[in-house]
Amino acid sequence: MRLHAAAIAGVFLVPVVHAFYLPGAAPRNYASGEQVDLFVNALTPMLAGTDDSKLKSLINYDYYNPKFHFCEPKDGPKKQPESLGSILFGDRIFNSPYDIKMVQDNNTCKTLCVIPDVAAEEAKFINDRIREDYALNWLVDGLPAAEMKIDLRNNDTFYDMGFNLGNNEGAHQNLPALNNHYEIVLKYHKPTPDTYRVVGVLVWPASIGGTQDSTPRCDVAGSEPLILSEDRGQPVRYTYRVIWNESDTPWATRWDNYLHIFDPRIHWFSLINSSAIVIFLCVMVSMILFRSVSKDISRYNASDLSEDIHEDWGWKLVHGEVFRTPRNPLILSVLVGNGAQLCSMVGVTLVFALLGFLSPSNRGSLATVMMVCWSLFGAIGGYFSARVYASVGGQNRRKNAFLTATILPTLVFIIVFLLNFFLLTAGSSGAVPFGTMVIIILLWFGISAPLSAIGSYYGSKHGGLRNPVRVNQIPRQIPPGPRYLKPWLAAILSGILPFGAAFVELYFVLSSLFASRAYYAFGFLALTATIVLITTATVSILFTYFILCAEEYRWHWRSFLIGGGSAFWILAYGLFYWASRLKLDSKTSAVLYLGYLFLIALLDFLITGTVGFLASYWAVRRLYSAIRID
């Protein structure tokens, strides 16, 4: 809401001001010699540079975890304020003892501190983290510290966020080397002669062994590596050197090197392939609805046809059953309501991202907007649930309103609480703090649940949609149908096409979530999401038509399962991603991955299942509204 208000204010203040920046995205101007703060974030596992590398852990560690023995500020570490989304995504930002002044002390070797004794047990802990390819994450003026790399596919230079805790490749595969020296390259841009802006942060870590005294040593080339002994304690000296480089990159485009899209041709190929699938499905639906169905309707409505031709067959036979109340209408309506709420949340969040409101410098803004939108759109969930419940013949409106507001948040909260317990037992900094849990519960009880109740009230007040045909008193016997129309088999088959339209983007999304890689291709993501929704709707309509032609009138639950069929393929792809890109040795990491994967599949099932049900409901109403019943 604050972003929205700022945007409106900016429109009206255009004649008055010369520049307008979103909150958290305004440039910071430095003077020569001014202090430049370096903040440290949690250590995260990262994928190595090779194409066949695998992620070895999913546990984040606090930078000032006592086992790492990193240098601390004189007055102790001070936690920095963070957004709700930043905390949920595992950020734990603190100040640091690095003394950096704008364009001062260029290329000067400094000793940060000397750790007098790293015990054998702590050395083993550090070496294990090096073997798991853990990375340090620093922040300078909102920019993450990165390593400069080259994309071998197109030879583009980009910044890969984070840098290695140590080296476990080649000769150090069995005896990892700890990086205890950092070459910090800070790029700056001068918009005016006396103004400096940070536009790039690069760090080249190195391991310098030998005598670990307070004398600064930054000779990387002529030094042996620092190997931590797991049998005895030893001192460790941390040094750094700051190198200032002037850059032509303006402040407005400083994130371009970080937000690198790996091989955009893959994204375009995926979109073209998905678009072809959508066009094919739309043509099929058009042929069925506007040719086959139109012929059927014309024949049924003709009054001068002979008696043998006028005999009912196919989907016309179940006109008195098609709007019969399905089994468990309460659960169905609750699922549709929550799916509508989630769909609205995703849609609005993507719009914010496409308009540029979610600045990458404002860490956690994506998750924060999603949480706020989910809370505010409780009214949409309650409204859709109440109207669907009334339309399918439900009577217990209060129970419907209560379950709509509570069942999904309760399930998600239980899963997150269990995953949080595993994180706490593993000593991970990624565990959600108790205060953040309280805030989420307050968002649920204080905003989402009351709005859901209001939406349910207005949905019940508007009532259900009037059925175009009457329902027979005696249910019709259902003949045996083809095997491919069995509920679960139909769901799995129907999910292939929507999943096929999204599996390329799904790889990048999973890499962003689990491998700490930046994802900012929201244009591709929005187009892919649109194609998936259209594909889901058309596939659900097709299968519903086939079901009705088989004289099977229990289409309500089947249309929801068919729409949500892509969730089964997401689960299968998640397991394939685990086998191909993950090497999780600890049980905690395995449980975390499976838990997060289940949540992703569950949310996808609710969103696509809701789209499938609503599309099928619209098609069935249009179909039976166009025929004349004797």
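**Disulfides, salt bridges and burial in a predicted model**

Mentor: In this predicted model, a disulfide joins Cys109 to Cys218, with an S to S distance of 1.8 Å.

Trainee: Why is the pair of Cys109 and Cys218 called a disulfide?

Mentor: The sulfur atoms of Cys109 and Cys218 are 1.8 Å apart, and the cut-off for a disulfide is within 2.5 Å. The pair therefore meets the criterion. The link is right-handed, with 80 degrees about the S-S bond. Cys109 lies in strand β2 and Cys218 in the loop between β11 (195-206) and β12 (234-246), so that the bond links distant parts of the chain, 109 residues apart.

Trainee: How many disulfides does the structure hold?

Mentor: The structure holds two disulfides. The other pair is Cys71 and Cys113, whose sulfur atoms are 1.8 Å apart. Cys71 sits in the loop between β1 (38-45) and α2 (84-88), while Cys113 belongs to strand β2 (residues 108-118), and 42 residues separate these distant parts of the chain. Counting bonded cysteines along the chain, the pattern is 1-3, 2-4.

Trainee: What makes the disulfide of Cys71 and Cys113 left-handed?

Mentor: The torsion about its S-S bond is about -80 degrees, and the disulfide of Cys71 and Cys113 is therefore left-handed.

Trainee: How do you know whether Cys109 and Cys218 are buried or partly exposed?

Mentor: Buried means under 20% relative accessible area, and partly exposed is the range from there up to 50%. Cys109 has 23% relative accessibility and therefore counts as partly exposed. Cys218, with a relative accessible area of 9%, is buried. In the other disulfide, Cys71 at 4% is buried, and Cys113 at 19% is buried as well.

Trainee: Why is the contact of Lys110 and Asp105 called a salt bridge?

Mentor: The criterion is a side-chain nitrogen of Lys or Arg within 4 Å of a carboxyl oxygen of Asp or Glu. For Lys110 and Asp105 the N to O distance is 3.0 Å, and the contact therefore qualifies. Lys110 is buried at 19% relative accessibility, whereas Asp105 is partly exposed at 35%. Both Asp105 and Lys110 are also among the residues that line the second largest cavity. That cavity has a volume of about 40 Å³, and β2 and β12 each supply at least two residues of its lining.

Trainee: What makes Arg131 and Glu230 a salt bridge?

Mentor: Their closest N and O atoms are 3.6 Å apart, which is within the cut-off of 4 Å. Arg131 lies in helix α3 (residues 120-131) and Glu230 in the loop between β11 and β12, so the pair ties together parts that are 99 residues apart in sequence. Arg131 is partly exposed at 27%, and Glu230 is partly exposed at 32%. Both residues belong to a network of salt bridges that also includes Lys124 and Asp128. In the whole structure, 16 salt bridges are found.

Trainee: Why are Arg129 and Glu132 both called buried?

Mentor: The limit for buried is under 20%. Arg129 has 9% relative accessibility and therefore counts as buried. Glu132, with a relative accessible area of 19%, is buried too. The two residues form a salt bridge, with the closest N and O atoms 3.0 Å apart.

Trainee: What makes Leu493 eligible for a nonpolar surface patch?

Mentor: A patch residue needs over 30% relative accessible area and no salt bridge, and Leu is among the nonpolar side chains that count. Leu493 has 37% relative accessibility and therefore counts as partly exposed, which places this residue over the 30% cut-off. Leu493 is found in helix α10 (residues 487-494). The patch comprises Tyr484, Leu489, Leu493 and Ile496, with about 330 Å² of accessible area together.

Trainee: What is notable about the backbone of Asp141?

Mentor: Asp141 has a positive phi of about 55 degrees although this residue is not a glycine. Its place is in the loop between β3 (134-140) and β4 (143-144). With a relative accessible area of 16%, Asp141 is buried. Glu551, in the loop between α12 (522-549) and α13 (556-563), also has a positive phi, near 65 degrees. Glu551 is buried at 19%.

How values were computed. Residues are numbered from 1 along each chain as its sequence is written. This is a predicted model: local features need pLDDT of at least 70, side-chain atom pairs count only at pLDDT 80 or more; totals for chains, interfaces and linings use all residues. Side-chain values use heavy atoms; hydrogens and water are left out. Patches are made of residues with over 30% relative accessible area and no salt bridge: like charges are joined within 9 Å, nonpolar side chains (Val, Leu, Ile, Met, Phe, Trp, Tyr) within 5 Å. Accessible areas come from the Shrake-Rupley method with a 1.4 Å probe; for residues, only the protein chains shown count as cover. Helices (H or I, at least four residues) and strands (E, at least two) are DSSP runs, numbered from the N terminus. Buried means under 20% relative accessible area, exposed over 50%, partly exposed in between (1.4 Å probe, protein chains only). On a 1 Å grid over the protein atoms alone, a cavity is a set of points where a 1.4 Å probe fits but cannot get out, and a pocket is an open set with protein on both sides within 12 Å along at least five of seven lines; lining residues have an atom within 4 Å of a point. Grid points are joined across faces, edges and corners, and a volume is the space filled by probe spheres set on the points.
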